[in-house]
Structure formats: structure tokens, C-alpha cells
Amino acid sequence: MHQLTIADIIKGLRERQFSSTEITRHLLERIQQQDERYNSFITVTADEALQQAAAADERLAAGDAPAMCGVPIAHKDIFCTSGVRTSCGSRMLDNFVPPYDAAVVESFERAGAVSLGKTNMDEFAMGSSNETSFYGPVKNPWDTNRVPGGSSGGSAAAVAAQLCPGATATDTGGSIRQPAALTNTTGIKPTYGRVSRWGMIAFASSLDQGGPIARSAEDAALMLSVMADSDPRDSTNLQRPSDDFTRDLDQSIQGLRIGVPREYLAEGLNSDTDERVQEALREYEKLGAELVEISLPHTQLAVPAYYVIAPAEASANLSRFDGVRYGHRCENPADLRDLYMRSRGEGFGEEVQRRILVGTYALSAGYYDAYYNKAQQVRRLIKQDFVKAFEQVDVIMGPTAPSPAFKLGEKRADPVSMYLEDIYTIAVNLAGLPAMSLPCGTVDGLPVGLQIIGNYLDEARMLNVAHQYQQATDWHKASAV
Amino acid sequence: MEWEIVIGLEVHVQLSTQSKLFSGASTRFGAAPNTQACAIDLAMPGTLPVPNEEAFRYAVMFGLAMNAEIGKRSVFERKNYFYPDLPKGYQTTQLAEPIVGAGEIEIHLEDGSSKSVRLHHAHLEEDAGKSLHDAVFSEGHGMSGIDLNRAGTPLIEIVSEPDMRSAAEAVAYLRKIHSIVTYLGISDGDMSQGSMRCDANVSVRLKGEEKLGTRTELKNINSFRFVERAIKVEAQRQIDLIEDGGRVVQETRLYDADKNETRSMRSKEVANDYRYFPCPDLLPVELTDEYVDTIRQQLPELPDAKSTRFASEYGLSAYDADQLTQERAVAEFFEAATQHCGQPKLVANWMMGELAALLNREEIAIAQSPISAEQLAGLIERIVDNTISSKIAKQVFEAMANGEGDADAVIEKRGLKQVSDTGAIEKMVDDVIANSAAQVENYRSADEAKRPKMMGYFVGQIMKASKGQANPQVINKILKEKLDALL
Amino acid sequence: MAVDAQTVHRLAELARIAISDETLEEMSGRLGDVLKLVDQLQTVNTEGVAPMAHPLDASQQLRPDRVTEQDCREAMLALAPQSEDGLYLVPKVID
């Protein structure tokens, strides 16, 4: 039953092949038995899940079932869940139980989905390996000595290990796509502003975007149809009503123009990974698509620009964690300064501290122009590269990550090498474009992801392009377990 | 050595919106602590701001009233610093692209002169909460309590150029700002409740010197009177310091009203680096020309325009017109009273004389005046129709202030009606002439030119005899006839 | 480019994060690495390019001035490390 996709589950529930309670119970048992190996969940909400499943079964019986009624999913622990601890992977929020739900959580509740619990993540979504979590690293189900990627490593691992058919995630610089690539799952980061950020704990507000990780493009489309909605509580939301992202899945991709950026095949790319990507491109040619070489000349500057902008925004976003109104507070503060210094020194892990300090530096007097302002100028150049490219092509394709999953601890000592993990994903966040990752083969038994970058608001077409590939190939069906 | 004081003011005005700048929490004053602090105000994780349209409308109204440029595009920025009354760890404010740009207003000084003060800019921002240092907790643990009800209340910060040259000018400017915001109805302007707060940048230089001296910033001065005193005492401190061979240090100082001195706030001297940057949770606010024009058309008549109109329409002196238009409520009182009695000059005199003295004595605003505009008009009508003299009217006014009813009721009850009956007055004149042989003799022997002056004595005696109620014109007429008959 | 200990101290003070002496050295080294990475930005000419604070060139929607929030003090104070009489408690604030 755990192998079923979301589309399968929706069908099975409606055809009474099984109940929501049955599949929910099955997955909860599976989590209990297996997750010790992966550490993909921070909190499992078994009782609540079973209650939601029972309610869903009643609605299914009554014939009053919304889109995802009775489908069990999990939420990244960055989304606030009313009455359920929301830690953001941090000691700072280890005791934080919000009295409100994130918009994304509300959307899934409205759609009748069942929440199994909260998935592990890099602390405050800062990381590309899931090793910065206060709750310990997540292990890749394909090889538990390796990382699942990050920051949505828990969501990706849980889906890959078939502990849940789909999970919510967030992507600030690649945090949906890179773990999807490393775990053979399908993840999509929508256009900035598609999914409400209300109740999603902010890392870098102008880059953060929620999206799903699932086992197929079709499932990702089903989940995105639930998640993407207008929300007046989020000023940066595009205020576009929810859409049916499955509607174009079966369209032909004959004549599709695929841009292949020269710069994405530069040094640093694993040659085997490159080979898998080239094979996928040839498969697309077979499906009737045309490959067009394009140039994104400012690609190399995306990582530097990102590591100014994201830490700068984060340095302010994380100032609210001060030990006064909620969250971790140090013991017996001597004075106000001591309260702040120790609560934040103890509550934040090393990588979070490092990024706060980098962001503080980039914004401080005398450095603002050279760093923050310069990075925002470069950001515009990067966006212009994409705008120009999309005048010639319908989608852009390339690798999601430069290499397959690396070993736990391998890049921990060297933050910069970790940052370069996101070299192909980061530019998309800076530009606000939608992008996704889907499985396209393995290297030495480890999954490789193909990245599809779409034009603004072109998610339905990207999902169509991904779905057509998944109809022609079986890479996404390969299982770690 | 002749010194010149240079002053620039930063005035914070709380806007009287129903809800906060970025959340739907109430801004009502005086609620129990933290009952008006919602998840957004408390900076709960994942919460996001959405700006209040009314705050922008108010800010635009203010900008138009200050003859200032309106920022068609304005951008919120984050000003980063840690303080327990600042839940997000940054204040959302405007810096590079504020809602109101440069402007200019006329201020009016007590000597009747005017001067122009330039506005540097005005921006929208959120207020902080309050730290209660003296809160008494049952356990006596000596901690501070934080109330975040005020956190997120919309403010406009109005920054002037350093154009003022005396404490009196600073006060006149502040009064002008107060006058404009209350005219516009965008703030209650109540300094005692903190709805209007003022920081003053003060420096001194030798007269004729072009370069500005080192300035100090006086924080949070909360009344017109303290603004004047704080600036005076700070300027004097700087002058004394320089004359003694010292140097002014750029710093923040606090005015201590009890001791009438300023002192350094060293705890705030830790080098601040606010690391402003555009708030990524908010987009630039773009206002159309139509939006601004609509607001322009809806602006109420402002103090200067009203003053000009009062002078021409009611024939008031420039000074009177100005005095009566500084406060919207005062101007409205004047127009209401004038409409009733048709005597603008008398209304003006009474308002600036007796009524102003009364309000001053009772320390109340005109809105709380025990005598309404209609009642004052009623009193003036009785003067005009000779029912009472101006002198008796003052008695009636006091009685009205004590709640004895309107003018007619007081006149009736106290029997203050003026005596114009010729027979009664003739008798009083005869009695006084009979009892004033010496004065009559003097009158007879005096030069004709001096005689009118000498009548004063007789008039006084007659008024005394009539308890002030005899009609002075009737007295004059009869007295002159009778005295001249003795010549 | 290394970041000296004094700079790390100043940043930590601004960001209100206590950093132990042991981690200070490591932190300055790693901060230096990150700054070296971001210094690549200086290689491109951005003259005349407007900074882009948001990925989308949209403008802010404003909210009508209505009170929509209820008193939620008890739920919120329940999350506070220390509170009393409806107030959040902190070590004495000295002005």
C-alpha cells in the first residue's frame, strides 16, 4: 500500500479499495518501524492523523470528498501547525507550539488531506545536506551513509522511503529540487508568489517558496493544485486563485523548444551526472522536442549573489528569536544583553549563526553598497539572462545538482563547497522562476535529477513536460526500498 | 560674543487609524496590556505584514498640507536593532523612498512675524511597544514588563530642516504641525498620551558663522512647554561649555523636567549600525496621480487658508484671525458663535479674552468649554441689544461658566438688566449732582474743552449708584444736559 | 580574505549572538571563505543596473483599515518563557 502514488490513493479511496484509516495506519506503522533508519520525521502526529483519517472516511462515505480527501501526507517542519510543535529544525523552537496554521497547512486541511507529522529539515532551512538540523541528520534511503540533500531532506527522504506518498517542502536556493534529485523524487518550486508564505517560517523572504515533493509529476501537480492559492495575508503573493495543474499533463510535447545552457556543463559537474542528463535530453528529442543551446552568462555569479542576499534577509528575519515572547531562553540571564546573546548563541546552530553574521556584515555600514546593493544588481542581470533565454525557448533543462548524494560529513567542514551544491538551482530563486527536479537515472546506484526551469507561471507546462518523460521512462519508479 | 541657536525637529505623530499599520489589531488607547497585540504584532514565526491603506491616505493628506512632494512610490525598509519593545528585532520604516518628500510651511510667531520652515521629508513607520520599568510585580523580582499593545501603531515621522533659530520658533513649528494634523483629523495630537512626540536636534554657533555646530539630540520631549524649556537649557549648556573652552559631543540627551536640565543617555551610545535594507516581505507602494488628486480635493480648509478667510470675511485683524485658526476646534467655535449672533469682532474679543482665560485657568480644551458657542453668542446678543453693558456681561459670563445657565437665565435670575429708563436715570443724575457741589463748581469754572473729561467723575458715581446697570449712553446724554443747564 | 577576530566580535554583538572563544577562530576563518566567495561579485560591471529587491516587479496591495484581530493574549502569553500580570518579563530595561 505504501508504494501507491497520490493519484492511486485518491482512486483507491473513491473506489473503496481501502479506507483512509487503513492507509494512514499502515504508513504510521511504517514510520514507526523504519524511520529510525532515516530520521526523516521530527514529530509524528499519529492520534491526530487517525482522527483526520476517520473524518475523511466519513466524508468519502457521504460522497462529500474534496480533492485530496483521506490522502496522508507530511509537512516540512517549517510550516506552522496549530497545536503541533513547529521547530524549524532548531533548538530555538524546540518548545514552540504555534496557535495557528500556515496557509499551506490550511489548504491541505480544506482539501481533506491527512497529516502524518512534521518532517526533518536543515535548521531554519539553511543547508544542502540536512546535517544542520537540531534533531540530527536525515539519511538518504538510497544509501544511509549519504545525505538526502537539503534543506527539505526529511520530506524527500520520507517520500523516497515510502513513509508517505508526498510531503510539503520549501525552496530558497534549491531546497526542494536538490533533495528531490538526491532521493529520486519529483519536486517543484513554483513561481515566487504562487504559494502563500503565511505561517511558513521565513529564511529569506524574497526567495522562499513552498512546493511539493512526491513520486511523480502527476502527484506533484495534484499537490501543487492544493498549495497554490491567493492569500491576502501575504503581500508578496501573486493573488492568483488555485489552478488545476494536472490539466495539461497529457498534452503532446511535439515541437517543444528546450534550452540547454552552455554554462551548466562547466567544470565541477560530475561527468556521470552529465551523461544521465544528456540521455534525458536525447529522450526528449525522441518525444519530439528540439534542443537549443542557450547562454545564461551570469550563472557563475548566482551563488555569490545568493550568499549575500539570503543571509542579509535571514539576519533580520531571525532577529525575532530573542527569548522574550517564545522559543528558547537561556537560564538566569544577568541582564538584557546577556538574555539576547546567550539565548541566541544557544538556540541557533553553527551554520545559522554563520549566515546571520555574513548577512550582518553585508548590511553593515560601509559594506552595504559593495555587497547587498551589488548583489541586488547582479540579481537583475541574472533575471535578464532568463528573460532573454525564454524569448527563444519554452523550458530550460540541465542538471539539478552537480553530483549524486555525497557522504554524511563530507562537506560539513567546508561551507563553501556545500554552497556550490546549489549552483544550478540558486539562480532560479533569484529570478523568482518556477523549476522542478525529476529522476533521470542513477550513477553507481545513486539517483540523478534533471532540472526543468520554466517561464513565469508556466508550472502547468513544466509538469506536462515532466509527465511526458515519466510516461516514456521508469526512472521515477525506481525505489530505494 | 553673540550666539545663534540652530534647531531641527523630528516629530512623531500617531495616526488615528482603527487598526495597526501592518495588522488588523486595534489601536485603541488604554486597553489592558497585550490584549491588542496580535500574532503579527508579536512577530510570531511565519506571520507577515500587510499595510493599512488609511495610513497612506493620512500620510498623503499630511504631505499635501505641508506643500510637500508626495512619494508616488514609497518603500518600507527594516531598521535593525534589538530592544524588548521591538518584537521583530527591526522597525519597519521608510528611508530612501519616503511617502512625503521635501516641503515648506509658514510658522507664526508671537510678535506677529512669520517665517518659513522647510520640511526635509516625512515617512511612515510602526511604533514600538512599551517597557514598564516601574511595574510592581508580586514577587518583587526587579524585572521589566513588556506591553506590546502600541507595537505596530502607525506613525508619521516628520523631519524638518535645521531652520529654527530659537526655542520659541521650535514651539511655533510644533504648534503648526499640531494644528495641521488635528485639522486634517489624522491624529488626536495629544502629547500627554504620546500621540505626538518630539525629538530636537540642537546646536549653537556664533552669529554670522555658516558652518553648523556639533548637535545633540534631545529625546522624547512630551509637551510644548518642555520643548521650549529643554531647548533653552540645552542651548545654554552648549554655549557655557564652549565659552569655558569645552567642546560639544554629538550624543543623545534626555531632558529632565524636574531638574530642568539635560543629561547624556550613555546607555544608548553603543555604536548603532541599523543596517537598513528594503523589507522583502513588502512590495513598493505605488500611488497614482488620481489617488493623490482625489485626496487633494477632499482636504479640509487648512489653518493658513482659514486665517486669510477669517480676516477678509469677518474683518478680523491678521493677528486675531491667526489666533483663532490655530486649532480647528477653536475656529469652529468661532464660526458657530458668529453665525448665531452676527458679531465676529465681539466673538473674537470674547474668545481671546474671557473664554481663553477661563480655559487656561481650568486647563481644559475648547471642546470641554462649559460655555458653548451658542451660549457665548447669546451673551453677545444681549450686549448688542443693550440689555446689559460689557461690564455686566463679564459677571454674566462667570455665572455661565459656573453652570448657572445661558445669558438670559443669568440676567433674569440676578436682575442684571440694564436700566435705560430715562426717568430712573434722571433721578440718579439729580441725586449725584446734588451731592457733588464741589465737583459741580469745578465743572462750571473749567474751560469748555476740559469739561467732557470732567464728566467721568459723575458717570462713575451714577454707575456705582445703579450697580453698573444704568445704560452709559443714556447717562451721558442726561448728565450733559443737566450740567450744561447749570452753566 | 580573512575576517579578523575584532570584526567577528562586532558582528556577533550587532547580531546579539554569544560566540565562545573556541569557535571564534573557526568562525573567522569560515566567514573569510564565504566573503571570498561573494567577492566574485566585484568582477562584474553593474553600472546603471537598478537593484532588484524582489523577483517580481509588482506593487504592494493595501489593506482596508478594519480591526480584524481579537484579543489572543492568553494563547500568546502561554508561549512566553516568562510572563506576569499580562506582561512579558525581561531583565530590567535601563534607559
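**Exercise 1. Is Y368(A) buried, exposed or partly exposed?**

Before you start: this is a predicted model, where local features need pLDDT of at least 70, side-chain atom pairs count only at pLDDT 80 or more, and totals for chains, interfaces and linings use all residues. Residues are numbered from 1 along each chain as its sequence is written, chains are lettered from A and ligands numbered from 1 in the order in which they are written, and side-chain values use heavy atoms, with hydrogens and water left out.

*Solution.*
- Step 1: get the cut-offs. Buried means under 20% relative accessible area, exposed means over 50%, and partly exposed is in between (1.4 Å probe, protein chains only).
- Step 2: compare. Y368(A) has 22% relative accessibility, so it counts as partly exposed.
- Step 3: try Y372(A) too. Its relative accessibility is 2%, so Y372(A) counts as buried.

**Exercise 2. Work out how aromatic rings pair up in this structure.**

*Solution.*
- Step 1: know what to look at. A pair of aromatic rings is described by the distance of the centres and the angle of the planes.
- Step 2: apply the rule. Rings of Phe, Tyr and Trp (its six-membered ring) pair if their centres lie within 6.5 Å; planes under 30 degrees apart are stacked, over 60 edge-to-face, and the rest tilted.
- Step 3: count. Searching the whole structure gives 27 aromatic pairs over all chains.
- Step 4: classify Y368(A) and Y372(A). Their ring centres are 5.1 Å apart and the planes sit at 35°, so this pair is tilted.
- Step 5: now F22(B) and F76(B). Here the centres are 5.0 Å apart and the planes are at 75°, so you call the pair edge-to-face.
- Step 6: place that pair in the chain. F22(B) is in the loop between β1 (3–14) and α1 (53–65) of chain B, while F76(B) is in strand β3 of chain B, so the pair ties together parts that are 54 residues apart in sequence. (Helices, H or I, at least four residues, and strands, E, at least two, are DSSP runs numbered from the N terminus.) Both F22(B) and F76(B) are buried.
- Step 7: look for a group. F96(A), F124(A), F321(A), Y326(A) and F348(A) make up one aromatic cluster.

**Exercise 3. Find some salt bridges and say where their partners sit.**

*Solution.*
- Step 1: recall the idea. Side chains of opposite charge can pair when their charged atoms come close.
- Step 2: use the cut-off. A salt bridge needs a side-chain nitrogen of Lys or Arg within 4 Å of a carboxyl oxygen of Asp or Glu. The structure holds 72 of them over all chains.
- Step 3: take E106(A) and R233(A), whose closest N and O atoms are 2.9 Å apart. E106(A) is in helix α4 (residues 103–110) of chain A and R233(A) in the loop between α7 (217–227) and β7 (257–261) of chain A, so the bridge ties together parts 127 residues apart in sequence. E106(A) is partly exposed at 25% relative accessible area, and R233(A) is partly exposed at 28%.
- Step 4: go to chain B. D199(B) and K219(B) meet in a salt bridge (3.4 Å, N to O). D199(B) is in strand β10 (residues 196–206) and K219(B) in strand β11 (residues 216–221), 20 residues apart. D199(B) is buried, with 4% relative accessible area, but K219(B) counts as partly exposed at 26%.
- Step 5: spot a network. Salt bridges that share partners join E350(A), E351(A), R354(A), R355(A), E26(C) and R30(C).

**Exercise 4. Describe how chain B meets chain A.**

*Solution.*
- Step 1: count residues. The contact (heavy atoms within 4.5 Å) takes 31 residues from chain B and 37 residues from chain A.
- Step 2: get the area. Buried area is the accessible area (1.4 Å probe) that two parts lose on being put together, summed over both. Here that is about 2700 Å², with carbon and sulfur atoms giving 61%.
- Step 3: name the main contributors. In chain B, P45(B), L48(B) and F82(B) lose the most area to chain A, together 23% of what that side buries.
- Step 4: check the charges. The rule finds one salt bridge across this interface: R197(A) with D281(B), closest N and O atoms 3.0 Å apart.
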